[in-house]
Amino acid sequence: MVFKRLNNQWGFALSVMLLVLLAYVIDPSHLSYRRDQIAAGAWWQIFSANVLHTNGWHTLLNVLALGIICQLFPWRLNFLRMWALFIALCFFQGVGLYLCYPTTQGFVGLSGILHGLFAFAVIIDIRHKDPWGYILLLAMLAKVFIEQWAGPHQFTGELINARVAIEAHLIGIVAGMCLGILMPTSARSCSVKQSSTQD
């Protein structure tokens with residue numbers, strides 16, 4: 001059971017990390033989010049932009065963040081459902097950027113999806129009566145509120161050589177929370193199942 005859980009968790013994380021690393025070495029000109037190109041029919045950029053990054057620091061920060069999230073929430077979904085969640089978050093973020101932020105002409109990075117994964121896992125925690133879920137929810141909402149009020153963090157922007165796309169963070173959190181709420185109640189976490197078999 002533990003091995004299967006870790007296989008789902010880290011299998012997903014490692015496959016995303018591999019995709020991010022592969023995307024880092026390819027030409028991003030036709031894969032990054034470009035509003036004018038999407039309007040002309042390049043719909044795949046809604047998905048592909050999320051695995052592209054501006055430089056090595058940008059890539060490293062998001063890969064590390066993905067590992068931390070998988071470590072914090074190691075039992076939420078199996079491998080295929082985690083990928084389904086990932087693709088759904090990519091879709092909602094891309095569409096959200098296009099419809100709600102017309103001034104955002106370009107975008108790359110995984111951070112919006114990371115915020116969505118975190119938000120999804122927090123909502124599932126709350127639905128399973130985990131008190132830590134409420135604490136993490138408040139911390140997450142405080143973080144995104146400060147971002148929206150104070151603007152992008154200058155140091156991070158200089159490190160990744162781009163403006164931090166705080167609008168992607170907000171869309172990711174909203175999408176992740178909505179997907180967490182809509183998850184069928186029959187979907188149980190492995191930790192809950194495991195504790196019931198050990199009692």
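Where in the chain is Ile26 found? Before I answer, please keep in mind that what we have in front of us is a predicted model. Ile26 sits in a loop, namely the one between helix α1, residues 2-24, and strand β1, residues 33-34.

Let me stay with this residue for a moment. Ile26 has a relative accessibility of 39%, and it counts as partly exposed because that value lies between the limits of 20% for buried and 50% for exposed. Together with Tyr24 and Val25, Ile26 makes a nonpolar surface patch of about 300 Å².

Now let us turn to Asn62, which has its place in helix α4, a helix that covers residues 56-72. Is Asn62 buried or exposed? Its relative accessible area is 8%, so Asn62 is buried, the cut-off being under 20%. If we leave aside the neighbours within four places in sequence, Asn62 is in contact with His53, and also with Gly109, Leu110, Ser111 and Leu114.

My last residue is Glu147, and you will find it in helix α7, which runs over residues 131-150. With a relative accessibility of 13%, Glu147 counts as buried too. Its side chain is joined to that of Lys143 by a polar contact of 2.7 Å. Which residues does Glu147 touch, once those up to four places away in sequence are not counted? They are Pro152, Ile166 and His169. Finally, Glu147 and Leu170 are 23 residues apart along the chain, and the separation between their C-alpha atoms is 9.0 Å.

Key:
Residues numbered from 1 in each chain as written. Predicted model: local features only at pLDDT ≥ 70, side-chain atom pairs only at ≥ 80, totals over all residues. Heavy atoms only, no water. Helix = DSSP H or I, 4+ residues; strand = E, 2+ residues; numbered from the N terminus. Buried < 20%, exposed > 50% of the residue type's maximum accessible area, 1.4 Å probe, protein only. Contact = heavy atoms within 4.5 Å. Polar contact = N/O pair within 3.5 Å; in protein donor to acceptor, adjacent residues only side chain to side chain. Patch = residues over 30% accessible without salt bridge, like charges linked within 9 Å, V, L, I, M, F, W, Y side chains within 5 Å. Areas by Shrake-Rupley, 256 points an atom, 1.4 Å probe, with all protein chains shown as cover. Salt bridge = Lys/Arg side-chain N within 4 Å of Asp/Glu carboxyl O.
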